[in-house]
Amino acid sequence: MLEKRFSARDVYKEDLFKGKTILLTGGGSGIGRLIADSFVELGGDVIITSRDEEKLSKTKSEIQKDWKKDITYYICDISDDKSVKGMVASVFKEKGNIDILINNAGANSLRPTEALTPVRWKAIIDTVLNGTYYVTREVGKRWIKAKYPGNIINVASTTGWTGSPFMAPSGAAKAGIINLGKTLGSEWGRHGIRINDVSPGPVFTKGSFERLWLNEDIIDTIQKKVPLGKFPGPEDIVGSVLFLASPAALMITGASLAVDGGESLKQSFGDLVDQFRPRKNVDEEIL
Ligand SMILES: NC(=O)c1ccc[n+]([C@@H]2O[C@H](COP(=O)([O-])OP(=O)(O)OC[C@H]3O[C@@H](n4cnc5c(N)ncnc54)[C@H](OP(=O)(O)O)[C@@H]3O)[C@@H](O)[C@H]2O)c1
């Protein structure tokens with residue numbers, strides 16, 4: 001069983017996604033791996049995709065062992081529209097339909113923008129923004145043709161609103177994904193198709209933080225700036241994805257849900273909250 005997993009059945013009913021087929025990009029690692037686990041836990045028929053067969057096949061075996069349920073995987077490079085066309089056509093052929101699309105696959109790297117080559121810029125935009133568009137279009141056009149009210153959830157990022165130093169292509173691509181969600185929320189609403197995003201702030205994983213930050217003291221300092229006192233872990237993202245996939249969100253489309261402990265609010269006066277001086281001592285009034 002995965003460590004620190006979100007226990008979906010503690011919040012959602014056991015068969016919430018029974019009879020539903022879920023296509024999840026990047027489902028073999030990180031946040032996507034936990035998302036796959038929770039949809040299986042709630043009865044969903046899950047298909048995961050990425051470029052790495054070893055990773056996908058390991059996930060399939062682990063899920064079989066933990067949940068006694070089978071999942072399907074497809075190898076697909078989402079930055080290649082032909083690869084996406086083939087994958088989506090095969091999934092629809094095998095499953096007949098899908099009910100929920102989760103665009104989770106993404107890529108990022110830290111580099112000063114002036115040192116970024118156009119090749120690197122393009123590689124990240126091709127995966128994050130273009131890849132999300134390719135999968136969304138291939139699935140969406142089938143839903144429109146079949147008059148099927150599908151549901152799309154994009155895993156975007158708060159960097160799409162706030163920007164972030166050294167992450168120019170990924171931030172720009174995530175801003176594009178968030179905007180695409182708002183455009184399609186409006187454009188595809190008449191087909192009954194919903195599209196929303198969950199936007200994580202920096203997610204605390206050992207690997208990502210070792211790559212990003214120089215030392216433990218800095219991690220401590222920056223976590224103290226988060227209103228809720230810490231960054232989310234991968235398991236904190238999953239509940240919001242399940243919520244947007246559920247009937248509780250049937251009237252939500254074009255929305256962006258930050259899961260970041262309030263980190264993206266730092267642009268307001270949040271940083272200065274300890275510096276405010278109330279006109280009088282309000283503690284007694286509060287108590
Ligand atoms: N971790 C964070 O701090 C954070 C913060 C905000 C948003 N997010 C977003 O959360 C999502 C998941 O990230 P993660 O942190 O869980 O990282 P991760 O473990 O590296 O997951 C990224 C996934 O995307 C897949 N992928 C990358 N390029 C691909 C391509 N061209 N075609 C198909 N699949 C591709 C990878 O699989 P293969 O390599 O096997 O292809 C991998 O499974 C991403 O969209 C990321 O931007 C993460």
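This is a chat between two coworkers about a predicted model and its ligand shell, core, strands and a few loop residues.

Colleague: Let's start with the ligand. Which residues come nearest?

Modeller: There are 29 residues around the ligand, and Gly26, Gly30, Ser50, Asp52 and Gly106 come nearest. Two elements give two or more residues to that shell, namely helix H1 (30-41) and helix H4 (118-146).

Colleague: Which one gives the most to the shell?

Modeller: H1 does, with three residues.

Colleague: And how do the shell residues divide into nonpolar, polar and charged?

Modeller: Polar ones number 16, nonpolar ones nine and charged ones four.

Colleague: Okay, on to the core. Which residues touch the most other members of the largest nonpolar core?

Modeller: That core has 58 residues, and the ones touching the most other members are Ile22, Leu24, Ile35, Ala36, Val46, Ile47 and Val241. H4 supplies the largest share of this core, seven residues. As a general point, nonpolar side chains in soluble globular proteins tend to be buried together.

Colleague: What does Ile22 touch, leaving out residues up to four places away in sequence?

Modeller: With those left out, Ile22 touches Phe17, Phe39, Gly44, Asp45, Val46, Ile47, Ile98, Asp99, Ile100 and Ile102.

Colleague: Switching to strands. Is E5 mostly covered or open?

Modeller: Strand E5, residues 151-155, is mostly covered, with five of its five residues buried. Asn151, Ile153 and Val155 point one way from E5, while Ile152 and Asn154 point the other way. In a regular strand, side chains alternate between the two faces of the sheet.

Colleague: Which strands does E5 pair with?

Modeller: E5 pairs with strand E4 (residues 100-103) in the parallel sense, over four bridges. Five bridges join E5 to strand E6 (residues 194-200), and these two also run parallel.

Colleague: What are the bridge partners of Asn154?

Modeller: On the E4 side, Asn154 is the bridge partner of Asn103. In E6, the partner of Asn154 is Asp197.

Colleague: How does the chain cross from E4 to E5?

Modeller: The chain goes through H4, and this β-α-β crossover is right-handed.

Colleague: New topic, backbone angles. What's the phi of Lys147?

Modeller: Lys147 has a positive phi of about 55°, although it is not a glycine. Most residues other than glycine have a negative phi. Lys147 sits in the loop between H4 and E5.

Colleague: Buried or exposed, that Lys147?

Modeller: Lys147 is exposed, because 8 other C-beta atoms lie within 10 Å and the cut-off for exposed is 12 or fewer.

Colleague: And what about Phe166, where is that one?

Modeller: Phe166 is in the loop between helix H5 (159-162) and helix H6 (168-187). Phe166 also has a positive phi, about 70°. Phe166 has 15 other C-beta atoms within 10 Å, so it counts as partly exposed.

Colleague: I was looking at Lys224 too. Where does it lie?

Modeller: Lys224 is in helix H8, residues 216-224. Lys224 counts as exposed because it has 9 C-beta neighbours inside 10 Å. Between Lys224 and Ala146 the C-alpha to C-alpha distance is 50 Å, and they are 78 residues apart in sequence.

Colleague: Last one, Gly43. What does it touch, again leaving out residues up to four places away in sequence?

Modeller: Gly43 touches Glu14, Asp15, Leu16, Phe17 and Lys18 on that basis. Gly43 lies in the loop between H1 and strand E2 (45-50). The C-alpha atoms of Gly43 and Lys13 are separated by 9.6 Å, with the two residues 30 apart along the chain.

Key
Residues numbered from 1 in each chain as written. Predicted model: local features only at pLDDT ≥ 70, side-chain atom pairs only at ≥ 80, totals over all residues. Near = placed C-beta within 6 Å. Nonpolar A, V, L, I, M, F, W, Y, C, P; charged D, E, K, R; others polar. Core = buried A, V, L, I, M, F, W, Y, C linked by C-beta atoms within 7 Å. Buried ≥ 20, exposed ≤ 12 C-beta atoms within 10 Å, placed from the backbone. Contact = placed C-beta atoms within 7 Å. Pairing = 2+ DSSP bridges. Right-handed = clockwise from strand over helix to strand, strands pointing away.
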